[in-house]
Amino acid sequence: MQNYEDVLKFVEEENIRFIRLAFFDVFGNQKNIAIMPGELQRAFRDGISFDASAIAGFGEEVRSDLFLKPDPETLSIVPWRPVDGGVCRMFCDIFYPDGTPFLKDTRRMLKKAAAEAKERGISINFGPEVEFYVFRQDEHGERTNEPIDHADYMAVGPADRGENLRRDICFNLIEMGITPEASHHEQGAGQNEVDFRYSDPLSAADNTVTFKWAVRNLADANGMWADFSPKPIRSQPGNGMHLNMSVSSKDGRDYTSAFMAGILKYIKDITLFLNPLPQSYERFGQMEAPYYISWSGQNRSQLIRIPADLSGRKRMELRSPDPMANPYLAYTLLIYAGLEGISQNLRPDLPMNVNLYTADPDLTGKLDKLPSKIEEAMQLARGSEFVAQHVSKELLDAYCDVSRIR
């Protein structure tokens, strides 16, 4: 879809009765306003207003009026809603009343970062691997702490009781124009994973938030609930959002090492935004979650690994982010960190070809580490020139608000 006319034609042909105009707070939580088809023209021309002071991290009661303008390229049917008199969704750009862009719109921030990379002749693709737990609901539809199964890694039914849910998730995503690459049971009880094909940064972030929305709705419709938090069960593996990244350039040079070196240099500064909850730091350093700032080929005990790829495509996998990160902000900061690595012609340290979970303490004691608590991550972010360059003070204050994590 390219414009209002295309959207209107689609809405009429598909008998769409509700249009969800979706946007995100600074933590990546989806919000929306539903409008009727008769309001579409106004939405495209003037925007639909909302109270920004009621949205987490937006603040500014003095300038509380903001406007949503839909992005027609993101139009998608919501397949788990009724077909007759259906529902569609579009992501929106956020503006002040005078038409200037809202600076804390993290989706806009990602567009800007990707555009800056493109101006330098660099293209970055992301392929997230998102893990989540599925728990039962009780007879009243309330959440319980009981996982739907106790199956292990890549199990099959009947031990794996998430097979049908993952199938429904994948089919619904395909209807929304998103192609999952693979899905399977993970190591934890009731833990699942769905992986996505590589795509440009904005599409990858859009797909990630759409996926989480679909999972939560489909789990609920089947008498279950999905938990994307970093450590739902203390004795079980945490939920990660492993990010596969590939870098290509117009000049044909391989900038993978320099891009990775930039991420390694700034990872401590940006960990707050990749791991935004106190629980995030309980996951580090155990059950294949990283703790040390290091890299290697294929080694899952490392922060970054270079996976084996028979297609010949070179990629890196960052293993520290978790699914509660705002993907728009996370991808933005990773792009800028990687670009710094390219600009400064950085080179990573030698690879650590050892299992860091069982390595000699004399070796691991020499390695730099990720923050061990969210308070440390906040302090590092506040003191970072890199973060100050790319994250507004208001957005940083929102992430460092102690009341948010208590």
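1. A good place to start is Ile 16, which stands opposite Gly 86 in strand β6. Please keep in mind that this model is predicted. The two residues belong to a wider pairing: β1 (residues 16-24) and β6 (residues 86-95) run in the parallel sense and share six bridges.

2. Strand β1 has another partner to look at. β2 (residues 30-35) runs antiparallel to β1, and six bridges join the two. To find this pairing by eye, look for Ile 19 of the model, which stands opposite Ile 35 in β2.

3. The turn of this hairpin deserves a glance too. Five residues lie between β1 and β2, and in this hairpin Gly 28 takes a positive phi near 85°.

4. Now move on to helix α8, residues 327-343. With 17 residues at 1.5 Å a residue, α8 should span 24 Å, and this agrees with its end C-alpha atoms, which are 24 Å apart. Most of α8 is covered, with 15 of its 17 residues buried.

5. Both ends of α8 have something to show. At the N-terminal end, Asn 326 acts as a cap, with a side-chain oxygen 3.0 Å from the backbone nitrogen of Tyr 328. Just after the helix comes Asn 345, whose phi is positive, at about 50°.

6. How do α3 and α8 pack? Helix α3 (residues 106-119) meets α8 at an angle of about 25°, and their axes are 8 Å apart. Angles under 35 degrees count as roughly parallel, so α3 and α8 are roughly parallel to each other. The crossing of α3 past α8 is left-handed.

Key
Residues are numbered from 1 along each chain as its sequence is written. This is a predicted model: local features need pLDDT of at least 70, side-chain atom pairs count only at pLDDT 80 or more; totals for chains, interfaces and linings use all residues. Side-chain values use heavy atoms; hydrogens and water are left out. Helices (H or I, at least four residues) and strands (E, at least two) are DSSP runs, numbered from the N terminus. The expected span of a helix is 1.5 Å times one less than its number of residues. Buried means under 20% relative accessible area, exposed over 50%, partly exposed in between (1.4 Å probe, protein chains only). A polar contact is a pair of N or O atoms within 3.5 Å; within protein, one must be able to donate a hydrogen and the other to accept it, and residues adjacent in sequence count only if both atoms are side-chain atoms. Two strands pair if DSSP finds at least two bridges between them. Axes are lines fitted to C-alpha atoms, for helices over the stretch in contact, and angles run from 0 to 180 degrees between N-to-C directions. Angles under 35 degrees count as roughly parallel, over 145 as roughly antiparallel, 65 to 115 as roughly perpendicular and the rest as oblique. A crossing is left-handed if the near helix is turned anticlockwise from the far one by less than a right angle, and right-handed if clockwise.
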